[in-house]
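Dear colleague,

I am handing over the structure shown below, and I would be grateful if you would look through it alongside these notes. The findings follow after it.

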Amino acid sequence: MNDDSAHPLPDRCRPDEARYQALFEQVSCGVILLGPDGRVVASNASARRLLGHAPESIAESGIASLCHPEDVEREHLEPGAIASGMIARAVCRVKRVAEDPWFWAELSASRLPDGGAQIILRDITSEREAASRIRNLAYFDALTGLPNRELFREQIDKAIERCRRVDKPMALLFLDIDRFKMVNDSLGHSSGDVLLTEVADRLRAAVRGGDSIGRLTQASAAQRPAESGISRLGGDEFTVVVADLEHPQDAARVARRILHALSRPFLVSGQEIYATCSIGIAVWPDDGANSEFLLRSADVAMYHAKSRGGATYAFFNSNMNLTSTRRLALESQLRRGLEREEFHLVYQPIRDTRTGKVSAVEALVRWKDGNGQAVSPAEFIPIAEEAGLIVDLGAFVLRTACRQARAWQDAGYAPIRMSVNISVHQLRRTGIVDSIDQILFESGLEAGHLELEITESSMLDANPNIAAAIGRLRELGVGLALDDFGTGFSSLSALQRFPIERLKIDRSFVAGVGEKASDEALVSAIVALANRLSLEVVAEGVETEEQARFLAQLGCRELQGYLFSRPLAAADVASQLPRDPKPVARPAPSDEAD
Ligand code: C2E
Ligand code: MG
Ligand code: MG
C-alpha cells in the first residue's frame with residue numbers, strides 16, 4: 001500500500017487537475033474511489049461501462065453487493081473489508097443489473113492517503129475462458145473427449161482419499177483392446193480412431209448403467225466428477241475407477257458389463273469388426289496404496305487377461321508381478337542382445353511328401369539372453385516389433401539365412417528353398433526391397449531360393465509401401481508364402497491380389513486332425529481352396545503319423561513338424577539335406593560369410 005504523504009511529489013511533477021481527471025476517466029480498467037467511510041465518491045467511465053451504472057448509486061449497500069454471494073463468502077468480501085484495505089485482491093463474479101449474466105472480474109484494492117480506498121476493476125471473463133480451454137486441452141483426450149492420463153491421476157488420488165475417509169475399497173480397471181494393432185495395421189489409422197471413439201461411447205454407456213459407480217461425464221473441467229470415471233491413458237488403453245465398493249469382487253460385475261458392451265460388432269469403414277478387450281483389475285488398498293502402484297498392478301493383471309486369449313478380465317495377485325517386470329526387462333535385454341550378437345538361427349526341415357526328401361527349411365531365430373536363458377520367439381518377437389528392434393533383428397535373420405543357404409550349396413548339397421519369416425514392420429520400411437536385394441547379392445544366393453513368410457495382416461495393411469514391396473520382391477524372383485493361414489482375417493480377395501505362391505496351414509488346425517472333425521473339415525477346405533487358386537500348401541506342426549497320412553491324402557504337398565524334425569542347428573540339418581547330383585560351379589560370394 002502506497003503512502004504518498006510520506007513521499008510528496010515535487011510541485012513541478014504534480015499533474016494539473018484537468019489532466020489528472022482526463023487520465024482517471026480514460027484508463028481502460030474500472031477505477032472506483034471510496035471515501036474513508038466506505039462510500040463511493042468517484043468512478044471512471046470504464047467502471048460505469050463495466051457495471052452498467054454509476055457505482056455511486058450503490059453507495060448504501062457497499063461494493064460487495066455487486067458480487068456473487070458465493071464469491072463474497074469465498075473471498076471474504078464482507079462490507080467494509082475492501083474499504084478498510086483488508087482485501088488486496090479478489091476474483092469474483094459481478095453482475096450489472098439483475099437480469100444480466102455474471103461476468104468474472106478481478107478487484108484490486110489499495111488504501112489512499114486520505115483514509116479512503118481505490119478499487120481497480122478488470123473484466124477477466126475471456127481470460128478465464130481461455131484458461132479453461134487450455135485446461136480442457138491439457139486434461140481431456142481430443143479424440144474421445146475422455147479425461148486423459150493427467151486428469152486420471154488427479155481423479156484417482158481424490159478417489160483414494162474419499163475411499164480412505166469412508167473406509168471402503170475401490171477398484172481400478174485397466175482395459176486394452178485385443179489385437180487393436182491389427183485393426184490399425186490392416187484398416188488404417190482413421191479406422192482405428194473410429195473404433196476407439198466407439199469403444200469410448202460404449203464404455204460410457206456400460207459404466208453409466210451401473211449402480212456401483214459414480215456418474216461419469218467427459219464434460220468441462222468444472223463439471224468433472226472428482227471421485228470416479230473413465231479415462232483414456234493413450235493408444236487403446238482405457239481405465240475405469242470404481243469407487244465405494246461394498247466388496248472388491250463387485251468390480252467383476254463392472255468388468256463383465258464392459259465385456260458384454262464390447263461384444264457386439266463395430267461398424268468401422270463399412271466393415272463389421274469384432275473388438276474384444278482384456279481387463280486387469282487392481283483393488284485399493286491391497287494391490288497398491290497410491291495411483292502409481294495401483295495402475296501398475298492393474299496393468300500386470302491386464303497382461304494376464306491378455307495371455308489367457310483376451311476378451312476376459314483378471315484380478316491382480318502378487319504372483320503376477322514377475323510377468324510385467326520380465327516384459328520390461330526383456331525389452332532392454334533385447335536391445336543389449338542385438339548389440340552383443342546373442343541371436344542365432346535354427347532351421348526346421350520341410351519335407352516333400354512325394355519324394356520323401358527335404359525340399360525346404362524354415363529359418364527360426366533363437367535367443368539366449370544375457371543369463372544364458374533361452375527366450376521363445378513367440379515372447380520376444382512381439383516385443384521387438386513394438387520396440388522397433390525387429391528391423392535390425394530381421395536384417396540379421398535374413399543375412400544369416402541367405403549365407404547359410406548358399407554355404408550348403410557350396411558344400412555340395414542340392415539347392416533347397418530357404419524360408420524366412422518377415423514382419424509387417426520390416427515390410428513397411430522404405431528401402432526394404434533394396435536391402436533384401438543387397439543381402440542376396442552379398443550372400444550369393446539366387447533370389448529364387450529365398451522365400452519370405454508373411455502374415456495375413458501384412459497383406460491387409462493399408463500402408464502402400466507393403467503392396468509395392470511385395471510386388472517388387474516378386475519381380476526380383478523372391479518367393480512369398482502366407483504364414484499361419486486361417487488365424488487372421490483370411491481375406492480371399494487379398495489372396496488373389498497378392499502374388500502369393502504358398503499357404504502355410506497354421507498348426508492349431510493341424511493339431512486337431514484326428515481329434516476334431518471341424519478342424520479336419522477346415523484343413524480339407526484350405527487345401528481344396530489352395531488347389532483351386534493354384535497355390536502350394538505346407539502343413540505346419542505335423543506331430544503324428546495319422547496327421548501326415550491325412551494331409552498327404554488331401555494332396556498337401558509339403559509337411560513340417562516335430563514328426564520329421566525339430567528346428568536344428570545348421571550343422572545338424574546338413575545330414576538330412578539331399579546331395580546335389582550335379583554340383584554346378586558357382587561364383588564365390590562377394591562378402592565373407594559369418
Ligand atoms: P511360425 O513362423 O509359424 O513358425 C513355426 C513355429 O512352430 C516355430 O516356433 C516352430 O518351432 C513351431 N513348430 C514347428 N513344428 C512344430 C510341431 O510339430 N509342434 C509344435 N508344437 N510346434 C512346432 P518358434 O520357433 O517358437 O517360432 C514361433 C514364431 O515366432 C514363428 O511362428 C514366427 O511367427 C516367429 N518367428 C520365429 N523366427 C522369426 C524371425 O526370424 N522373424 C520373425 N519376424 N518372426 C519369427
Ligand atoms: Mg513361419
Ligand atoms: Mg506359422
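What is the handedness of the crossing of H14 and H16? The crossing is right-handed. Please note before reading further that this is a predicted model.

Helix H14 spans residues 432-443 and helix H16 spans residues 464-476; their axes come within 9 Å and cross at roughly 25°. Since angles under 35 degrees count as roughly parallel, H14 and H16 are therefore roughly parallel to each other. On the H14 side the contact is formed by Ile 432, Val 433, Asp 434, Ile 436 and Asp 437, which meet Ala 469, Arg 472, Leu 473 and Leu 476 of H16. Sorted by class, this contact has 6 nonpolar and 3 charged residues, and no polar ones.

A second helix pair is formed by H19 (residues 517-532) and H20, whose axes come within 10 Å and cross at roughly 35°. The crossing of H19 and H20 is right-handed. H19 contributes Glu 520, Val 523, Ser 524, Val 527 and Asn 531 to the contact, and H20 contributes Phe 550, Leu 551 and Leu 554. By class, the contact of H19 with H20 has 5 nonpolar, 2 polar and 1 charged residues.

Overall composition

The chain has 21 helices and 21 strands. Of its 594 residues, 47% are buried. Among contacts between residues at least 6 apart in sequence, 63% join residues at least 24 apart.

The magnesium sites

The magnesium ion (ligand 2) is coordinated by Glu 362 (OE), Asn 421 (OD1), Glu 453 (OE) and Asp 483 (OD), at 2.0 to 2.2 Å. Along the sequence, the spacing of these donor residues is E-x58-N-x31-E-x29-D. Glu 362 lies in strand S14 (residues 358-368) and Glu 453 in strand S17 (residues 450-454), so this pair ties together parts that are 91 residues apart in sequence. Both Glu 362 and Glu 453 are buried.

For the magnesium ion (ligand 3), the protein donors are Asp 483 (OD), Asp 484 (OD) and Glu 540, the last of these listed with two OE entries, and they lie 2.0 to 2.6 Å from the ion. The donor residues here follow the spacing D-D-x55-E. Asp 484, in strand S18 (residues 479-485), and Glu 540, in the loop between strand S20 (536-539) and helix H20 (545-554), are 56 residues apart, and the pair links distant parts of the chain. Asp 484 is partly exposed, with a relative accessible area of 25%, whereas Glu 540 is buried, at 9%.

How far apart are the magnesium ion (ligand 2) and the magnesium ion (ligand 3), and which residue bridges them? The two ions lie 3.8 Å apart, and Asp 483 is the bridging residue.

Backbone features

Asp 484 deserves a second mention: its phi is near 50°, a positive value in a residue other than glycine. Glu 341 also has a positive phi, near 55°, and is located in the loop between helix H10 (321-339) and strand S13 (343-352). With a relative accessibility of 68%, Glu 341 counts as exposed.

The peptide bond from Trp 284 to Pro 285 is cis, with omega near 5°. Pro 285 belongs to the loop between S11 and helix H9 (291-307).

Helix H6 and Ala 275

Helix H6 (residues 180-187) has Phe 180, Val 183, Asn 184, Asp 185 and Ser 186 as its buried residues. These pack against strand S6 (170-177), helix H7 (189-208), strand S10 (271-273), helix H13 (424-428) and helix H15 (456-460). Just after H6, Gly 188 adopts a positive phi of about 100°.

Is Ala 275 buried or exposed? At 3% relative accessibility, Ala 275 counts as buried, because buried means under 20%. Ala 275 sits in the loop between S10 and strand S11 (277-284). Apart from neighbours within four places in sequence, Ala 275 is in contact with Ile 177, Leu 195, Leu 262 and Phe 266. The C-alpha atoms of Ala 275 and Leu 259, which are 16 residues apart along the chain, are separated by 9.9 Å.

Yours sincerely

Conventions:
Residues are numbered from 1 along each chain as its sequence is written. Chains are lettered from A and ligands numbered from 1 in the order in which they are written. This is a predicted model: local features need pLDDT of at least 70, side-chain atom pairs count only at pLDDT 80 or more; totals for chains, interfaces and linings use all residues. Side-chain values use heavy atoms; hydrogens and water are left out. Donors are N, O and S atoms within 2.8 Å of the metal (3.2 Å for Na, K and Ca); water is not among the atoms, so sites may look incomplete. Helices (H or I, at least four residues) and strands (E, at least two) are DSSP runs, numbered from the N terminus. Buried means under 20% relative accessible area, exposed over 50%, partly exposed in between (1.4 Å probe, protein chains only). Axes are lines fitted to C-alpha atoms, for helices over the stretch in contact, and angles run from 0 to 180 degrees between N-to-C directions. Angles under 35 degrees count as roughly parallel, over 145 as roughly antiparallel, 65 to 115 as roughly perpendicular and the rest as oblique. A crossing is left-handed if the near helix is turned anticlockwise from the far one by less than a right angle, and right-handed if clockwise. Contact means heavy atoms within 4.5 Å. Ala, Val, Leu, Ile, Met, Phe, Trp, Tyr, Cys and Pro count as nonpolar, Asp, Glu, Lys and Arg as charged, and the others, Gly among them, as polar.
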